[in-house]
Amino acid sequence: MTYCLGVLIQDGLVLASDSRTNAGIDQIAMVRKQVSFVLPGERTITVLSAGNLATTQAVVTSLKQSWSEGDETDLTRAPTMFDVATILCSVYRRILDRDGDYVRPFGDVTGSFIIGGQIKGEEPRLFQVYPAGNFIEAGPRTQFLQIGETKYGKPILDRALNFETSIGMTAKLALLSFDATIHSNLSVGPPNDLLPYRRDSYSVENLRKYSATNAEWSRIRDAYSEGLIDLLSRVPDPAIDPP
């Protein structure tokens, strides 16, 4: 299992992923789930992936090869981010058609993806691709998308996030969303990759990697935990009959 998050805000995008993958209690490994395709000054496209690791890696590797070779699935040729999502879906379905019958007897062959980025002439855009190969787009009313182990990190986003939230606050909420998930689910774990993307930057220079011992992430987690405990101590207890 894994956890990936994409957030669309007025200032741009925040994209985050963990690195844990497992095929049983004694088969745990760290694999990067986030890859970016960048043409400086023209486009930045980031893909997050969850699900069957062989399937998702085959999709990402195919996109990388097309990027360098310039075939029909070359993301440099896509005129819009909608076309990028359509290309990824076509590559994904091709991988499923090729490998599905062989893998299915041994487990789930499917994957899911979050695609975020900006192509010059467009606003930043964010999409989620489902295991069936169809997709949806985020907007101001549905501004964050999650794949993988989603339930533990969702409440903090529901409570505190809106389309006008600053990119710094959104990045902080993303890290706390991952902290909550890691606390509650052993199948999600650091290092976590976090990309706060500012609109019209066409750059991934703000990409950060947060290990379990990263000092900045530790300060954020500790301050949040201490503040939450302090707040709870000031919230009135529910009425309970005396013994």
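The legends below describe four close-up views of a predicted model.

**View 1. An aromatic pair joins Tyr 92 and Phe 113.** Five aromatic pairs are found in a search of the whole structure. In the pair formed by Tyr 92 and Phe 113, the ring centres lie 5.6 Å apart and the planes meet at 75°, an edge-to-face arrangement. The two residues belong to distant parts of the chain, 21 residues apart: Tyr 92 is in helix H2 (residues 81-103) and Phe 113 is in strand S7 (residues 111-119). Both Tyr 92 and Phe 113 are buried.

**View 2. Phe 127 and Phe 135 form an edge-to-face pair.** The ring planes of Phe 127 and Phe 135 stand at 80°, with 5.7 Å between the centres, and the pair is therefore edge-to-face. Phe 127 has a relative accessible area of 0% and is buried, whereas Phe 135, at 23%, counts as partly exposed. Ring pairs link these two residues and Phe 82 into a cluster.

**View 3. A charged group sits over the ring of Trp 217.** The group is the charged end of Arg 221, and its distance from the centre of the Trp 217 ring is 4.2 Å.

**View 4. Nonpolar side chains form a patch on the surface.** The patch covers about 430 Å² and is made by Tyr 224, Leu 228, Leu 231, Leu 232 and Val 235. One of these residues, Leu 228, lies in helix H5 (residues 215-234). Leu 228 has a relative accessible area of 37% and is therefore partly exposed, as this class lies between the limits of 20% for buried and 50% for exposed.

Conventions:
Residues are numbered from 1 along each chain as its sequence is written. This is a predicted model: local features need pLDDT of at least 70, side-chain atom pairs count only at pLDDT 80 or more; totals for chains, interfaces and linings use all residues. Side-chain values use heavy atoms; hydrogens and water are left out. Patches are made of residues with over 30% relative accessible area and no salt bridge: like charges are joined within 9 Å, nonpolar side chains (Val, Leu, Ile, Met, Phe, Trp, Tyr) within 5 Å. Accessible areas come from the Shrake-Rupley method with a 1.4 Å probe; for residues, only the protein chains shown count as cover. A salt bridge is a side-chain nitrogen of Lys or Arg within 4 Å of a carboxyl oxygen of Asp or Glu. Helices (H or I, at least four residues) and strands (E, at least two) are DSSP runs, numbered from the N terminus. Buried means under 20% relative accessible area, exposed over 50%, partly exposed in between (1.4 Å probe, protein chains only). Rings of Phe, Tyr and Trp (its six-membered ring) pair if their centres lie within 6.5 Å; planes under 30 degrees apart count as stacked, over 60 as edge-to-face and the rest as tilted. A charge sits over a ring if NZ of Lys or CZ of Arg is within 6 Å of the ring centre and within 35 degrees of the ring normal.
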